[in-house]
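Please read this note with the model open beside it. The points go from the whole chain to single residues.

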Amino acid sequence: MRTLQRTTRTDFTFLLASGNQQDAGRIEAEIKNRYPHSQVTMVTSSRQTLDELRHRFYDAAVVDATLAESDCFGIVAALRQDGVDTPIIVLSEDLSGRNSSEVLNAGADQCLIKEGSYYQSVPRVIEDVCRYRRLILETRRLEEKLQDRDSTEIVNIVAGTLSHEINNPLMTILGTAELLVEQFKSGNSELQRKLQVIQQSARRIQLALATLVTSTEPEIKVTASGRLIDTRPPKLTLKRRN
C-alpha cells in the first residue's frame with residue numbers, strides 16, 4: 001500500500017465523501033494547496049463511498065458524517081470487514097468520547113471535529129495518518145524478517161548439533177565399509193553390493209547435514225511425510241562468457 005511521505009511526489013489520489021458541498025470545496029482546496037497534482041474524487045452518499053473504496057485505490061479517504069444516508073460506523077466497519085485498508089479520516093460535528101471511540105474501534109484511522117477552520121487541518125491529519133500507517137507496515141516487515149532470521153538460526157543450530165553428533169559415528173561407518181570393500185574386492189559380489197549401499201547411504205546423510213549447516217535460507221518442501229527442509233544441494237548455474 002502506498003502511503004504519503006514528505007517527498008517531491010504530489011500525484012496522490014484522495015476520496016472526499018461529504019454531504020456539505022461548501023465544506024467539501026474548502027477541504028479540496030486545502031488538499032490541492034498541499035498536493036497540487038493530486039486527484040480528489042468527491043462523492044455525496046454512503047453507497048458511492050463504499051463503491052469507490054471497494055473498487056478503486058486511494059491513498060486516503062476523508063468521510064464526513066453529513067453524507068446522505070450516512071452511518072459512519074457502518075461504512076467504516078463494512079470496509080474493514082471487506083479487507084479495504086485505505087486510511088480513513090472521519091469528520092463530525094459531534095465526536096464525544098464515546099462516539100470517537102466507536103469510530104476508531106470500527107476501523108477509522110483518525111477522527112476530526114468540525115469546528116472553526118478545521119478544514120485547514122485535513123491535509124496535515126492525512127499526512128500524519130499515512131505516516132503512522134507506514135511505520136506500522138515497516139514494523140511488521142521488520143518483525144517478519146526477524147522471525148525468519150530466528151527460524152533460520154534455530155535450523156542452523158539444530159543442524160550443527162546433528163552434524164556434530166552424527167558425523168563421528170558416520171565416519172566410522174564409512175571407513176569400515178571402505179575397508180570391507182577393499183578386503184572383499186575379489187570375493188562375494190552380493191556382499192560388495194550391500195557394502196556399496198551402505199557407503200552411498202552414509203554419503204547421502206553427510207551431504208544432507210552439510211546442506212543444513214551451510215543453508216542461509218532453507219527451502220521447505222511438501223512431502224508424504226509432511227513439510228520438510230529441502231536438503232538437496234543447490235544447483236550450480238554456469239554463466240556464459242560474452
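The numbered points below cover basis, fold, surface, one helix and the cysteines.

1. This is a predicted model: local features need pLDDT of at least 70, side-chain atom pairs count only at pLDDT 80 or more, and totals for chains, interfaces and linings use all residues. Residues are numbered from 1 along each chain as its sequence is written, and side-chain values use heavy atoms, with hydrogens and water left out.

2. The protein chain has six helices and seven strands, where helices (H or I, at least four residues) and strands (E, at least two) are DSSP runs numbered from the N terminus. Their order from the N terminus is β-α-β-α-β-α-β-α-β-α-α-β-β.

3. Among contacts (heavy atoms within 4.5 Å) with a separation of 6 or more in the protein chain, 62% join residues 24 or more positions apart.

4. The exposed area of the protein chain is about 15,900 Å², of which carbon and sulfur atoms supply 50%; areas come from the Shrake-Rupley method with a 1.4 Å probe, and for residues only the protein chains shown count as cover. Of the 242 residues, 33% are buried, meaning under 20% relative accessible area (1.4 Å probe, protein chains only).

5. Helix α6 covers residues 189-214, and its end C-alpha atoms lie 38 Å apart, in agreement with the 38 Å expected for 26 residues at 1.5 Å times one less than the number of residues. Its buried residues are Gln192, Leu195, Gln199, Ala202, Leu209, Thr211 and Leu212.

6. There are zero disulfides (pairs of cysteine sulfur atoms within 2.5 Å). Cys111 counts as buried because its relative accessibility is 14%; Cys130 is buried at 0%.

Key
Buried < 20%, exposed > 50% of the residue type's maximum accessible area, 1.4 Å probe, protein only.
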